[in-house]
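Hi everyone, thanks for making time this morning. Let's put the structure up on the screen and walk through a few places together.

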Amino acid sequence: MGQLMRRFPDACLAFIALVYLLFVINVKFGKDRWKDIIAYDGKGYYAYLPALWIYHDLQFNFYPAIEAKYYTAAGYFDYREKVGDVRLNKFSVGTAVMMAPFFLAGDLFAHASGAAIDGWSFPYQAAISIAGIFYALLGLGLLRRIFTLSGVPDLPSGLILLSLAFGTHLFYYALNEPSMSHVYSFAAIAAWIYIGQQYARSPDRSRMFQLAFLLGLLIVIRPVNGMVLFSLPFIAGRNGWHNILNSLKSRPWRLVSFGSIVLGWMLFQVLLNYAQSGSLILYTYGEQRLDLLHPHLFDFLLSYRKGLFIYTPWCLLAVLVSLVLFRDDPWRAISGIGFLVLVIWVLSSWSLWWYGGSFSSRPMVDYLPFFALLLGVAWSALRKNRIVRIGLPAVLFLVVFVNQVQTYQYRYNIIHWDSMDREHYFRVFLRVDQLGQKTNPNADLLENR
């Protein structure tokens, strides 16, 4: 029985991989549905690859022809921002870096199969779909190791992985919109936590440089990801944090090397900006701004429009369960929940706090590994509680059910991508009898688009 239980998390990962792959083959690869794998913001994250490899054109002049060939008018999205007299890609390059191996595989298959060598034919889009699955599984696999290092038992470890894979908006963004940056940040942040835990136990130079590499990569995926630096006290734990501080006191020169690696990634982005525009420092988000003095905390967490806890209740459950750590592990509670407060404060301070057309609060997909670690450590502290042993798995099953229903509703515009409110939310809440029906109870939102 013990050996079987030790294999349980790995069996869960295998099950997740199988379901994810079957979902993509069935839902995304049929007919012309593959044409929306690279879509909306994802076009911009991805566009660096065909721009550099196929077109040799960092002004992205191929954009109009690609849009006309592959997208309907409803799917048009111009990822180029006009800055002065030029148009340049408004998005950072890090996501493209992580997509690159899959893009090259798609390019090779396109040449071999006779598909169009334009960066958007089926082999390229299918490759990005596989990339989304790969990085979701990589992040989940790293979380399995993180749980082991954190002393989380095998049963909770497997159940958390299952509930995270199917009960959060990771499911939607890994499978339905894999060209967006979020699943790539999710995997890189899981790697940051895993290497951070190892570094806290043994603060050697190689792991420090790995952390620097990951931090730089995270910044050029999404600049706001630089916040993960403040997660180290939580990742390390009290004793590990002291190990880190003592190591840095005795070898302060390592901070220079650390900073140089991070700055190297940032210089890569700066040089790309220069190649596009002739300017080193650019702001490409127009009138959108970060206003840290006026966060939209309630809307970000609890609004019917995009509230994280409304559309991804798994995160609320993780926070509520983790409150037990204030009694059992105050360091982890304060540093972990404190870090999430920082993340939510910053992300909710963006002027477009709902982040456009999206399911749930999409930037929080990136930080799901922190919720998972809090939940795992708290569950370990409560593992002798009979109510928790029985009740928590049941609640996890419930939030998976809620997420799957709401994900389905979002895919078919029953949950509107931008304009939900209380009335429209409860009109369709858990209405499984409406799934598969031709009529949309919230069709009035589509009419007012």
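Let's begin with Lys43, which you'll find in helix H3, residues 41-55. Is Lys43 buried or exposed? Lys43 has a relative accessibility of 1%, and because the cut-off for buried is under 20%, this lysine counts as buried. Please keep in mind that we are looking at a predicted model. While you have Lys43 selected, you can also pick Ser150: the two are 107 residues apart in sequence, and their C-alpha atoms lie 38 Å apart in space.

Now please turn to the pair of helices H9, residues 182-201, and H10, residues 205-221. Their axes come within 10 Å and cross at roughly 160 degrees. How should we describe that arrangement? An angle over 145 degrees counts as roughly antiparallel, so H9 and H10 are roughly antiparallel to each other. As for the hand of the crossing, H9 and H10 cross in a left-handed way.

Who makes the contact? On the H9 side we have Tyr184, Ser185, Ala188, Ile189, Ala191, Trp192, Ile195, Gly196, Gln198 and Tyr199. On the H10 side, the contributors are Arg207, Met208, Gln210, Leu211, Leu214, Leu215, Leu218 and Ile221. Sorted by class, that contact has 13 nonpolar, 4 polar and 1 charged residues. Hold on to Ser185, Trp192 and Leu218 from that list, since we'll come back to them.

Next, follow the chain into the loop between H10 and helix H11, which spans 232-250. Asn225 sits in this loop. Where does the side chain of Asn225 reach? It goes to the backbone oxygen of Leu218, at 3.3 Å. Asn225 is buried, with a relative accessible area of 0%. Setting aside residues up to four places away in sequence, Asn225 touches Ser185, Leu218, Asp366 and Tyr367. So here are two of our names again: Ser185 belongs to the H9 side of the helix contact and Leu218 to the H10 side.

My last stop is Ser231, also placed in the loop between H10 and H11. Its relative accessible area is 0%, so Ser231 is buried. Which residue does the side chain of Ser231 join in a polar contact? The partner is the side chain of Trp192, and the distance is 3.1 Å. Beyond its neighbours within four places in sequence, Ser231 is in contact with Trp192, Phe339 and Phe370. Trp192, you'll remember, is one of the H9 residues that meet H10.

That's my tour, and I'm happy to take questions.

How values were computed:
Residues numbered from 1 in each chain as written. Predicted model: local features only at pLDDT ≥ 70, side-chain atom pairs only at ≥ 80, totals over all residues. Heavy atoms only, no water. Axes fitted to C-alpha atoms, helices over the stretch in contact; angles between N-to-C directions. Helix = DSSP H or I, 4+ residues; strand = E, 2+ residues; numbered from the N terminus. Parallel < 35°, antiparallel > 145°, perpendicular 65-115°, else oblique. Left-handed = near helix turned anticlockwise from the far one by under 90°. Contact = heavy atoms within 4.5 Å. Nonpolar A, V, L, I, M, F, W, Y, C, P; charged D, E, K, R; others polar. Buried < 20%, exposed > 50% of the residue type's maximum accessible area, 1.4 Å probe, protein only. Polar contact = N/O pair within 3.5 Å; in protein donor to acceptor, adjacent residues only side chain to side chain.
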